[in-house]
Amino acid sequence: MRSRLTLLLASTTAAILVAACGDDDAAPPADLGETDDTIVVDAEDISFPDDVYETAAGRVGFVYENVGNIRHTLVVEGVDGFELSVDKNGDVDQGAVDLESGTYTLFCDIPGHRSAGMVAELVVS
């Protein structure tokens with residue numbers, strides 16, 4: 001009887017550990033490489049936590065985390081080919097881009113998200 005209980009406990013523990021490892025299909029975030037600064041942006045449900053983000057000109061890294069419940073993207077207006085995507089709560093994507101001084105717009109390009117307020121200003125000095 002004791003060996004059956006031990007076996008049951010061991011198999012239950014193993015199942016919990018496997019489940020805690022997460023989604024094996026999820027790709028790890030890309031390596032940021034060498035960056036001059038890194039900006040962390042949380043994707044809430046149809047909003048960003050800040051209206052304005054600031055950084056210095058140069059190679060800027062972005063870490064984008066979905067803290068909401070729906071799919072989001074992060075685009076820097078005027079920067080071709082840069083888009084981060086987080087499908088569900090807990091997903092993280094990251095990337096880096098070279099930015100000159102100026103004011104840029106960060107937004108989610110999922111239809112309806114930008115117009116609903118998922119937009120922020122990025123000031124690069």
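Two strands count as paired when DSSP finds at least two bridges between them. Keep that in mind as you move through this predicted model.

**Start with the whole chain.** Colour by secondary structure and you will find 1 helix and 8 strands. Followed along the sequence, the order is α-β-β-β-β-β-β-β-β. Of the 125 residues, 33% count as buried. If you switch on a surface, the accessible area is about 7600 Å², and carbon and sulfur atoms account for 52% of that. Contacts are worth a look too: among those between residues at least 6 apart in sequence, 57% join residues at least 24 apart.

**Next, select 37-43, 58-66 and 92-99.** These are β1, β3 and β6. Together they make an open sheet of 3 strands, ordered β1-β3-β6, with mixed pairing. β1 and β6 stand at the edges with a single partner strand each, so one side of each has no neighbour in the sheet. From one strand to the next, the twist averages 20°.

**Zoom in on β1 and β3.** This pair runs parallel and is joined by 7 bridges. For one of the residues involved, pick Val-40: its bridge partner in β3 is Val-63.

**Finally, centre on His-72.** You will find this residue in strand β4, which covers residues 72-76. Is His-72 buried or exposed? His-72 is buried, because its relative accessible area is 0%, and buried means under 20%. Now show the side chains: those of His-72 and His-113 share a polar contact of 3.2 Å. Add Glu-44 as well, since its backbone oxygen lies 3.0 Å from a polar atom of the His-72 side chain.

Definitions and conventions: Residues are numbered from 1 along each chain as its sequence is written. This is a predicted model: local features need pLDDT of at least 70, side-chain atom pairs count only at pLDDT 80 or more; totals for chains, interfaces and linings use all residues. Side-chain values use heavy atoms; hydrogens and water are left out. Helices (H or I, at least four residues) and strands (E, at least two) are DSSP runs, numbered from the N terminus. Buried means under 20% relative accessible area, exposed over 50%, partly exposed in between (1.4 Å probe, protein chains only). Contact means heavy atoms within 4.5 Å. Accessible areas come from the Shrake-Rupley method with a 1.4 Å probe; for residues, only the protein chains shown count as cover. A polar contact is a pair of N or O atoms within 3.5 Å; within protein, one must be able to donate a hydrogen and the other to accept it, and residues adjacent in sequence count only if both atoms are side-chain atoms. Axes are lines fitted to C-alpha atoms, for helices over the stretch in contact, and angles run from 0 to 180 degrees between N-to-C directions.
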